[in-house]
Every structure is written in C-alpha cells, then in structure tokens.
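Hi,

Here is the model I promised to pass on. Have a look, and my notes follow below.

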Amino acid sequence: QVQLVESGGGLVQAGGSLRLSCAASGSIFSINVMGWYRQTPGKQRELVATVTSGDTTNYADSVKGRFTISRDNAKNTVYLQMNSLKPEDTAVYYCNADVSPTWYRRLEVWGQGTLVNVSS
C-alpha cells in the first residue's frame, strides 16, 4: 500500500509565498509522474503542475511564472513553491502520484489534501 502525506498549507496574504510538500511512503518500486491539483467548492479538480521522474515539468497557465514544482527522488517527495499568491489560488491542494509498487504494477494515488487560503 502507498500513501501520500501533504504538508505546508495555511493562511497567507496576497503576494506572499507558501511551500507545499508531499511525501510518498509504503511499498514503492518507482514513482513516475508526481503532481499537484487543486479544487474549490463546486468546481472540478484542476491540474496545477506535474513533474516526471526525469524532471520534465508542466504547469497550468494560471500559475506559470509564480509556482515551481520539484521533486527529490531519493526521498520520494514532491514540492510546490508558490510565490506571488493571489486570492484566486485559494483551494484545497491535492498531491498525486503515478506509482509502481512492483515493476509490473502501476497505481494512481492521491493525498488527503491541504488547504491554501490567500487573503486579499
């Protein structure tokens, strides 16, 4: 079984910064793509950013130039550095990982979510 545990959310003023972390644990052979998604009430969960095991990154247009995703493969951890935060960034942020618990299996795993609240 694989678990993702997020940390780093909280309340911040507009223009401020936060850093989210997500650590994977359990039976892990390898982790392919890791990413962050976010969701606000009444809306679908949306992609924020992803990073592959080879450090190729992808960002939503709304966060390009403000957010940076990175990962530490040795620690099975992904980070999201969020700068110049805006009130519209307020959401529950979810960590996501495409995990291979064995060489022949793949699972999609989600974290429990962490709230980011940006005040104006």
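In which strand is Ser100 found? Ser100 belongs to strand β9, residues 91-100 (strands, E, are DSSP runs of at least two residues, numbered from the N terminus). Before I go on: this is a predicted model, where local features need pLDDT of at least 70 and side-chain atom pairs count only at pLDDT 80 or more, while totals for chains, interfaces and linings use all residues. Residues are numbered from 1 along each chain as its sequence is written, and side-chain values use heavy atoms, with hydrogens and water left out.

Back to Ser100: at 6% relative accessible area, Ser100 is buried (under 20%, with a 1.4 Å probe and protein chains only). Leaving aside residues up to four places away in sequence, Ser100 touches Ile28, Phe29, Ser30, Asn32, Arg105 and Arg106 (heavy atoms within 4.5 Å). Ile31 lies 69 residues from Ser100 in sequence, yet their C-alpha atoms are 6.0 Å apart.

Strand β9 also holds one end of a disulfide (cysteine sulfur atoms within 2.5 Å): Cys95 is joined to Cys22, S to S 2.1 Å. That pair links distant parts of the chain, with Cys22 in strand β3 and Cys95 in strand β9, 73 residues apart. The link is left-handed, at -85 degrees about the S-S bond, and both cysteines are buried.

As for β3, residues 18-26, this strand pairs antiparallel with β1 over six bridges (pairing takes at least two DSSP bridges). Cys22 is the bridge partner of Glu6 there. Both strands sit in an open antiparallel sheet of four, ordered β1-β3-β8-β7. β1 (2-7) and β7 (67-72) are at the edges with a single partner strand each, so one side of each has no neighbour in the sheet.

Cheers

Definitions and conventions: Buried means under 20% relative accessible area, exposed over 50%, partly exposed in between (1.4 Å probe, protein chains only).
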